[in-house]
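Please look at the sequence and the structure below, and then read on for a guided walk through the fold.

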Amino acid sequence: MQTLRTREVRWFLGGTLPDPVWTRFEALGPPVEPESRADLYLVPAGDALGVKLREGRVEAKRRSAVLGPLAAATASRETGVVRATVEEWTKWSFARADDEEPSTGWVRVEKNRWQRRIEVGGGGATLEVSEVRVGDGVWGSVCLEAAGATDTIRRAAFVAGVQQWLGPGAPTLPADAAMGYPAWLRRVLN
């Protein structure tokens with residue numbers, strides 16, 4: 001079993017991502033090829049626990065802390081029109097015992113995602129933009145996720161990611177669109 005702790009912010013916007021998001025992402029570096037896949041998510045009962053089946057593995061993700069507003073968590077007021085609550089998550093991943101797909105209680109989520117990554121002091125930050133489909137619905141998602149062995153490393157990687165990607169010139173990302181996958185799925189499925 002693999003365990004990973006992350007610090008992150010994620011937004012879900014109805015429809016495809018607005019042009020300013022794509023313009024900003026493309027301006028940050030060379031072209032990035034998308035990754036496409038479909039995952040099965042257990043229909044969540046709450047906002048703090050997500051379980052999915054992905055590429056022969058079971059992945060569980062639990063929100064372990066709500067750290068507060070993005071500006072406070074980074075000790076910076078440079079986030080402009082980007083608003084969110086920063087969350088700490090713990091992820092577990094292990095091989096599935098069988099390949100049989102469950103028949104009830106799960107929802108198929110199709111994704112096309114593009115990522116940029118930076119390494120920072122033993123950790124790293126990833127900026128991800130995604131197009132996500134559930135049934136006939138389409139949403140755009142933007143996520144900044146930082147990982148590292150200690151809270152200090154995760155914090156440093158997160159702050160570096162915010163400064164590089166979400167600072168001045170970043171597109172509008174409102175607080176009411178900020179949430180993890182479990183909260184988003186609950187909204188979509190209700």
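The paragraphs that follow deal with a helix, the cores, a cavity, a pocket and a few single residues.

This is a predicted model, in which local features need pLDDT of at least 70 and side-chain atom pairs count only at pLDDT 80 or more, while totals for chains, interfaces and linings use all residues. Residues are numbered from 1 along each chain as its sequence is written, and side-chain values use heavy atoms, with hydrogens and water left out.

A good place to begin is helix α1, which spans residues 19-27; helices (H or I, at least four residues) and strands (E, at least two) are DSSP runs, numbered from the N terminus. In this helix V21, R24 and F25 are buried, where buried means under 20% relative accessible area, exposed over 50%, and partly exposed in between, with a 1.4 Å probe and protein chains only. Seen down the axis of α1, the buried residues fall within an arc of 100°, so they line one face of the helix; the arc is that of the directions from the helix axis to the C-beta atoms. An α-helix has 3.6 residues a turn, so residues three or four places apart point the same way. On the other side of α1, D19, T23, E26 and A27 are exposed. The cover over the buried residues of α1 includes β6 (106-120), β7 (123-134), β8 (137-147) and α3 (151-166).

R24, one of the buried residues of helix α1, has a relative accessible area of 18%. Leaving aside neighbours within four places in sequence, R24 is in contact (heavy atoms within 4.5 Å) with Q164, W165, L166, G167, P168, G169, A170 and P171. Q164 in turn is found in helix α3 and is partly exposed, with a relative accessible area of 39%. Beyond its neighbours within four places in sequence, Q164 is in contact with R24, L28 and I118, and the C-alpha atoms of Q164 and I118, which are 46 residues apart along the chain, are separated by 9.3 Å.

From the helix the view can move to the interior. In soluble globular proteins, nonpolar side chains tend to be buried together. A nonpolar core is a set of buried Ala, Val, Leu, Ile, Met, Phe, Trp, Tyr and Cys residues joined through side-chain atoms within 4.5 Å. The largest such core has 27 residues, of which V9, W11 and L166 touch the most other members. At least two residues of this core come from each of β1, α1, β6, β7, β8 and α3, and α3 supplies the largest share, 6 residues. Apart from this core lies another, of 12 residues, among them V109, V132, W139 and Y181.

Which residues does V9 touch, not counting residues up to four places away in sequence? They are L70, A84, T85, V86, V142, C143, L144, F158 and L166.

The structure also encloses empty space. On a 1 Å grid over the protein atoms alone, a cavity is a set of points where a 1.4 Å probe fits but cannot get out, and a pocket is an open set with protein on both sides within 12 Å along at least five of seven lines; lining residues have an atom within 4 Å of a point. There is 1 cavity of 30 Å³ or more, and the largest cavity has a volume of about 70 Å³. Its lining includes V21, R24, F25, L166 and A170, with α1 giving the most, 3 residues. By class, this lining has 11 nonpolar, no polar and 1 charged residues.

The largest pocket holds about 650 Å³ of space. Of the 32 residues that line this pocket, the closest to its centre are K52, E59, K61, K91 and E145. Strand β1 (residues 2-14) gives the largest share of the lining, 5 residues, and the lining divides into 11 nonpolar, 8 polar and 13 charged residues. E59 lies in strand β4 and is buried, with a relative accessible area of 17%.

Finally, E55 sits in the loop between β3 (49-54) and β4 (57-69), where it is exposed, with a relative accessible area of 59%. Phi of E55 is near 45°, a positive value in a residue other than glycine.

Terms used:
Grid points are joined across faces, edges and corners, and a volume is the space filled by probe spheres set on the points. Ala, Val, Leu, Ile, Met, Phe, Trp, Tyr, Cys and Pro count as nonpolar, Asp, Glu, Lys and Arg as charged, and the others, Gly among them, as polar.
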